[in-house]
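Student: I would like to learn how to read a protein model step by step. Could you take me through one, giving the general idea before each case?

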Amino acid sequence: MKKNKNALNNSGFMLLETLIVSTVILGTLVFLYVQFVNVKSSYEVSFTYNTIPGIFMSKELSQFIVTLDNNGYSNLQNKLNNSSDGYVSIDPEIDFINPNDTELYKEMIRTMNISYVLFVNDDLTNLKTYLSNNNNVSEIFQPQFKKYILNLDTDKTNKNRLIVAFADKTFASVLIGGEN
């Protein structure tokens, strides 16, 4: 029985062609997957980090804090300078010296739906070191909030920064104050 050489060549060619086409398609699918993951990640970041409403509310809060009566802002700066962790948490129960300021602050926090407010130096080195080195950090630093802070740019200015975590899992950061 004679084998048809042409039929063998055709089946070998068909197998090679199938492998090449499959490799090209697989490569294209991997490329598209990587691009999709990058776009999805950027999309999530743009809707959780420094949103326009978040920045606006953080700026309003920072203006309120800067204008506190009876050296309230100076007291915050002193607490920050004495902090080894690199931050001061501004709790709703904080004593702003003037009871009217405390009530207004609580109302702002409630209305803006804010979970946590941190007062930090613009140079975030101390805070980032604290977050990176300690596994048992304060309950304030939920994983998403911690990730946001670690991704913030570190500058060396003579200003402070207000970092705000909102209840809807969005975050914002604004500069506050002037010369320390």
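Tutor: We will go from the overall fold to the cores, then to single residues, and then to the empty spaces. Please keep in mind throughout that this is a predicted model.

Student: How many helices and strands are there in the chain, and what pattern do they follow along the sequence?

Tutor: It helps to begin with the elements and their order. The chain has six helices and four strands, and, read along the sequence, they follow the pattern α-α-α-β-α-β-α-α-β-β. Of the 180 residues, 33% count as buried. If you take the contacts between residues at least 6 apart in sequence, 65% of them join residues at least 24 apart.

Student: Where should I look for the nonpolar core, and which residues have the most contacts inside it?

Tutor: The general idea is that, in soluble globular proteins, nonpolar side chains tend to be buried together. In this model the largest nonpolar core has 22 residues, and those with the most contacts inside it are Leu61, Ile65, Phe119 and Leu162. Two or more residues come from each of H2, helix H3 (72-81), helix H4 (99-112), strand E2 (114-121), strand E3 (160-166) and strand E4 (171-176), and H4 gives the most, with four residues. To see one member in its surroundings, take Leu61, which touches Tyr105, Met108, Ile109, Ile114, Val117, Leu162 and Val164, when residues up to four places away in sequence are not counted. Apart from this core lies another one, of 17 residues, among them Tyr87, Val120, Leu124 and Leu127.

Student: Is Ser62 buried or exposed, and what does its side chain reach?

Tutor: For any single residue, one can ask which element holds it, whether it is covered, and what it touches. Ser62 lies in helix H2, which spans residues 52-66. Ser62 counts as buried because its relative accessible area is 2%, which is under the 20% cut-off. Its side chain reaches the backbone oxygen of Lys59 at 2.7 Å, and, leaving out residues up to four places away in sequence, Ser62 touches Leu162, Val174, Leu175 and Ile176.

Student: How far is the C-alpha atom of Phe166 from that of Ser115?

Tutor: Here the general idea is to set separation along the chain beside separation in space. Phe166 and Ser115 are 51 residues apart along the chain, and their C-alpha atoms are separated by 5.1 Å. Phe166 has its place in strand E3 and is buried, with a relative accessible area of 4%. Beyond its neighbours within four places in sequence, Phe166 is in contact with residues including Gly54, Met57, Asn113, Ser115 and Phe171.

Student: Which residues show a positive phi without being glycine?

Tutor: Backbone angles can be read residue by residue, and two cases deserve a look. Asn113, in the loop between H4 and E2, has a phi near 60 degrees, and at 44% relative accessibility it counts as partly exposed. Lys169, in the loop between E3 and E4, has a positive phi of about 65 degrees and is partly exposed, with a relative accessible area of 46%.

Student: What does Thr170 do in the loop between E3 and E4?

Tutor: A loop residue can be examined in the way we examined the others. Thr170 is found in that loop, yet Thr170 is buried, with a relative accessible area of 10%. Its side chain makes a polar contact with the side chain of Asp168 at 2.6 Å, and, apart from neighbours within four places in sequence, Thr170 is in contact with Phe47, Thr48, Thr51, Val164 and Ala165.

Student: Which residues line the largest pocket, and which line the largest cavity?

Tutor: An empty space can be described by its volume and by the residues around it. The largest pocket holds about 170 Å³ of space and is lined by Ser41, Glu44, Val45, Thr48, Tyr49, Gln144, Lys147, Lys169 and Phe171. Helix H1 (5-46) gives the most to this lining, with three residues, and the lining divides into three nonpolar, three polar and three charged residues. The search of the whole structure finds one cavity of 30 Å³ or more, with a volume of about 40 Å³. Its lining is made up of Gly86, Val120, Asn121, Asp123, Leu124, Asn126 and Leu127, with E2 and helix H5 (125-133) each giving two or more residues.

Notes
Residues are numbered from 1 along each chain as its sequence is written. This is a predicted model: local features need pLDDT of at least 70, side-chain atom pairs count only at pLDDT 80 or more; totals for chains, interfaces and linings use all residues. Side-chain values use heavy atoms; hydrogens and water are left out. Buried means under 20% relative accessible area, exposed over 50%, partly exposed in between (1.4 Å probe, protein chains only). A polar contact is a pair of N or O atoms within 3.5 Å; within protein, one must be able to donate a hydrogen and the other to accept it, and residues adjacent in sequence count only if both atoms are side-chain atoms. Contact means heavy atoms within 4.5 Å. A nonpolar core is a set of buried Ala, Val, Leu, Ile, Met, Phe, Trp, Tyr and Cys residues joined through side-chain atoms within 4.5 Å. On a 1 Å grid over the protein atoms alone, a cavity is a set of points where a 1.4 Å probe fits but cannot get out, and a pocket is an open set with protein on both sides within 12 Å along at least five of seven lines; lining residues have an atom within 4 Å of a point. Grid points are joined across faces, edges and corners, and a volume is the space filled by probe spheres set on the points. Ala, Val, Leu, Ile, Met, Phe, Trp, Tyr, Cys and Pro count as nonpolar, Asp, Glu, Lys and Arg as charged, and the others, Gly among them, as polar.
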